[in-house]
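The following report describes selected strand pairings and helix packings for a reader who works with coordinates.

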Amino acid sequence: MDKKQLIDDDLKYIWRPFTQMKSLEDASNRPIIIKRGKGIYLEDIDGNKYIDAVSSWWVNTLGHSNPRINKVIYKQAKKIEHVIFAGFTHEPVIKFSKKLVEMMNNNLKHVFFSDNGSTAVEVALKMAYQYQVLKGHSEKRKFIALKNSYHGDTLGAVSVGGIDMYHKVYKPLLFEIIQAESPYCYRCPVGCAKETCNIDCLSSVENILKEHSKNIAGIIIEPLVQAAGGMIMYKAEYITKLRKLCDKYNILLIDDEVAMGFYRTGKLFAYEHAGVVPDIVCAAKGITAGYMPLSVTITTDEIFNAFYDEDKDGYKTFYHGHSYTAYPLALAVALENLKILQEMNIEEYLKPKINKFSEQLEKFKKHKNVGDVRQTGMICAVELVKDKNTKEPFSYEDGIGKKIYLEGLKLGAILRPMWNCIYFITPYIITENEIEKLTGIAFQALNKVLPDKE
Ligand SMILES: Cc1ncc(COP(=O)(O)O)c(C=O)c1O
């Protein structure tokens, strides 16, 4: 089928996510047809190659078309591709769960499976609420969530979301939450500077707890980075102090590691940087290195045991599951992924790459429209502003992100800036030379769209 026909059929039959479909009338907004991927590169139908600077929606960690993962999919498909996970089980899920719990090596010991990040969050919210009910606290039915947060697109996940553009229209359908300030260091909600930050923004959470803790089941956070909110980064100490607040006011800490988990921050899970353990952890994306949809919600003995009892009327059972819960093909990949990451000695492997990124980010700092440059492990972000002194952001209509995206494509990288933020979330296998190349492309694209010297 020729390219024109493929695009015509795409436009005719497919309703795309996060997309105003009418905008596709403009040819520059049309999707690019990807034919194949290899390592950090994606290749389109015309043979153009692009660095996948966004790891294909932040999922890919080991590069595209990894031979070991490809082989495992084939091997597992020949054995059993799928089996009902009620009353039946299989080796990949057992081995993976055991290995993951051993790697975490703390009191998170029970793994519940679903198949994407949003549902991992739904599971966490339902689990937290039912836990409170089972403990005799049915009045604890609200959650605290942070401004600028994103936890997925199903209704529970949207309820705890904090990005108006995505979430506002659904408000009448959502359950009530209490929103706390976002720990947005560059635009500090309590007027502090990054250098002197003493995590004062956490007072917003404590104030809510002082008044409402008897009605609160838990708080949900994106650890260290509010990703879809614009790669907003904050100190690990925030989580350390938050854990203490959760204990003091007897609420659960739900840690949404969907984007950060599986070494994105340099450690298996981001909470490790804070030296604390959450009550519930959600993870997805990198769990299968980006090859299969899979997610987990992991919890403690304390929560698991609250459900574990004689249950004549069924009210202590956790009623949740999906057709693809613990999908064997995905689990075989997830297990292989853990083995590969361990063999790579991934924490050490990532260190020079993290350093290379921070060295290369320096060049952005002097640009007249760069307000903030931030990095957490393998995540880097450059926030663009109209004016460095006032921090005035570009408006949506300025379309800066799209212009940079289009320049990036011409130069051979998929950048996809978010809001006013250029970011890099690459596969871990990117080399130091490729980091130089990618950041160079982004810098060139930035200067094309917003020339530094006029
Ligand atoms: C922190 C966080 N939670 C949840 C989700 C939702 O995951 P999914 O898109 O797999 O449903 C995302 C997606 O980007 C995310 O970044």
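Strand β14 (residues 379–387) pairs with strand β17 (residues 421–424) in the antiparallel sense over 4 bridges, where two strands pair if DSSP finds at least two bridges between them. Within this pairing, A381 stands opposite Y423 in β17. Strands here are DSSP runs of E with at least two residues, helices are runs of H or I with at least four residues, and both are numbered from the N terminus. The model is predicted, with local features needing pLDDT of at least 70 and side-chain atom pairs counting only at pLDDT 80 or more, whereas totals for chains, interfaces and linings use all residues. Residues are numbered from 1 along each chain as its sequence is written, and side-chain values use heavy atoms, with hydrogens and water left out.

Strand β14 also pairs with β13 and β15, and the table lists these two hairpins together with the turn residue that has a positive phi.

| Hairpin | Bridges | Residues between | Turn residue and phi |
|---|---|---|---|
| β13 (residues 370–376) and β14 | 6 bridges, antiparallel | 2 residues | G377, about 55° |
| β14 and β15 (residues 392–393) | 2 bridges, antiparallel | 4 residues | K391, about 65° |

In the pairing with β13, T376 stands opposite I379 in β14, and in the pairing with β15, D387 of β14 stands opposite E392. Strand β14 is mostly covered, since 7 of its 9 residues are buried, a term that stands for under 20% relative accessible area with a 1.4 Å probe and protein chains only.

Turning to the helices, two packed helices are described by the angle between their axes and the distance between the axes. The axes of α13 (residues 400–411) and α14 (residues 432–449) come within 9 Å and cross at roughly 130°, the axes being lines fitted to C-alpha atoms over the stretch in contact and the angles running from 0 to 180 degrees between N-to-C directions. That angle makes α13 oblique to α14, because angles under 35 degrees count as roughly parallel, over 145 as roughly antiparallel, 65 to 115 as roughly perpendicular and the rest as oblique.

Contact means heavy atoms within 4.5 Å, and the α13 residues that meet α14 include I400, I404 and L411, while those on the α14 side include I441, L446 and V449. The residues of this contact divide into 7 nonpolar, 2 polar and 3 charged, where Ala, Val, Leu, Ile, Met, Phe, Trp, Tyr, Cys and Pro count as nonpolar, Asp, Glu, Lys and Arg as charged, and the others, Gly among them, as polar.

Conventions:
Buried < 20%, exposed > 50% of the residue type's maximum accessible area, 1.4 Å probe, protein only.
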